[in-house]
Amino acid sequence: MKKNKMVTLTIDSRKLQAEEGLMILDVARDNNIYIPSLCTNEAVEPYGACRLCLVEITTARGRERLVTSCLYPVEEGLTVKTNSERIASVRKVLIQLLMARCPDSEVIQDLAKRLGVETTPFPLEDKNKNKKCILCALCARVCQEVVGVSAISLVNRGVNRQLATPFFEPSEACIGCGSCVYVCPTHAIAMEDTGDKREVRWPHSQMEFKLRKCKVCGSYWIPERQIEHIAQVSGTSPDDYDVCFSCRE
Ligand code: SF4
Ligand code: FES
């Protein structure tokens, strides 16, 4: 595969070489430079939801501005400050808003501590809302872009924005694979397997799935709906999944 050309840029006074087109956040990570971020995952395209990855840039032509580093590609002569006073004060407000929105989230509390922020001046989210979801849509993007089923999405607008299944009803499309659970940065989605049942609880909806039993070891290992989906996209038979992956090895 053809490689993009290399560019030279500076991040926090460090002169670096990086492939043109890579995002600032990825280049910083590759060089062990910390930029806080919550809403990225290499499985999906960046989306710019949490804004925590803001950095201050100066282009080769001398233009200065704040950009989200997960969405801004590196270019020749770029200078990036990841922790200037201006950035620190904007980031402080962003994390304080998240602290108020997600008072139950340990991830947010830990991140706030790391950024030197202990309290929020904003009113805490009311009790009947899910208090861990930052509305980053990472779960919905993975569901759509990777799993290919679009079972969950962000619904409503403004303060009523919520992550849920369509109409808050059990989703016909959901296969119970749990990909959303694994990618959620704040552990706002729960998944529990009990006997032959799997329960997935999103911030504002929940569903149950029947699990298939492995014919060899007897453990319940995969939702029937996920088998149907895999069989359909791979052109195999649902009966091919009677034995779990561990027992096949
Ligand atoms: S449930 Fe998690 S991944 Fe989904 S929008 Fe909320 S914080 Fe993001
Ligand atoms: S990581 Fe860039 S906006 Fe969330």
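User: What is the expected span of a helix, and what makes helix H2 agree with it?
Analyst: The expected span is 1.5 Å times one less than the number of residues. In this predicted model, helix H2 covers residues 85–101, 17 residues in total. The rule therefore gives 24 Å. The end C-alpha atoms of H2 are 24 Å apart, so the two agree.

User: Which residues of H2 are buried, and what do they pack against?
Analyst: The buried residues are Ile87, Arg91, Leu94, Ile95, Gln96, Leu98, Met99 and Ala100. They pack against strands E3 (54–58), E4 (64–68) and E5 (79–81), and against helix H3 (106–114).

User: Why is Ser205 called buried?
Analyst: Buried means under 20% relative accessible area. Ser205 has 9%, so the term applies. Ser205 sits in strand E10, residues 205–213. Leaving out residues up to four places away in sequence, Ser205 touches Ala164, Thr165, Phe168 and Val200.

User: How do you know that the side chain of Ser205 has a polar atom within 3.5 Å of Thr165?
Analyst: A polar atom of that side chain lies 3.0 Å from the backbone nitrogen of Thr165. The cut-off for a polar contact is 3.5 Å.

User: Why is there no disulfide between Cys247 and Cys217?
Analyst: A disulfide needs sulfur atoms within 2.5 Å. The closest cysteine sulfur to that of Cys247 is in Cys217, at 3.7 Å, so the pair is too far for a bond. The disulfide count is 0.

User: Why is Cys247 called partly exposed, and what is Cys70?
Analyst: Partly exposed lies between the 20% and 50% cut-offs. Cys247 has 30%, so it counts as partly exposed. Cys70 has 3%, so Cys70 is buried.

Definitions and conventions:
Residues are numbered from 1 along each chain as its sequence is written. Chains are lettered from A and ligands numbered from 1 in the order in which they are written. This is a predicted model: local features need pLDDT of at least 70, side-chain atom pairs count only at pLDDT 80 or more; totals for chains, interfaces and linings use all residues. Side-chain values use heavy atoms; hydrogens and water are left out. Helices (H or I, at least four residues) and strands (E, at least two) are DSSP runs, numbered from the N terminus. Buried means under 20% relative accessible area, exposed over 50%, partly exposed in between (1.4 Å probe, protein chains only). A polar contact is a pair of N or O atoms within 3.5 Å; within protein, one must be able to donate a hydrogen and the other to accept it, and residues adjacent in sequence count only if both atoms are side-chain atoms. Contact means heavy atoms within 4.5 Å.
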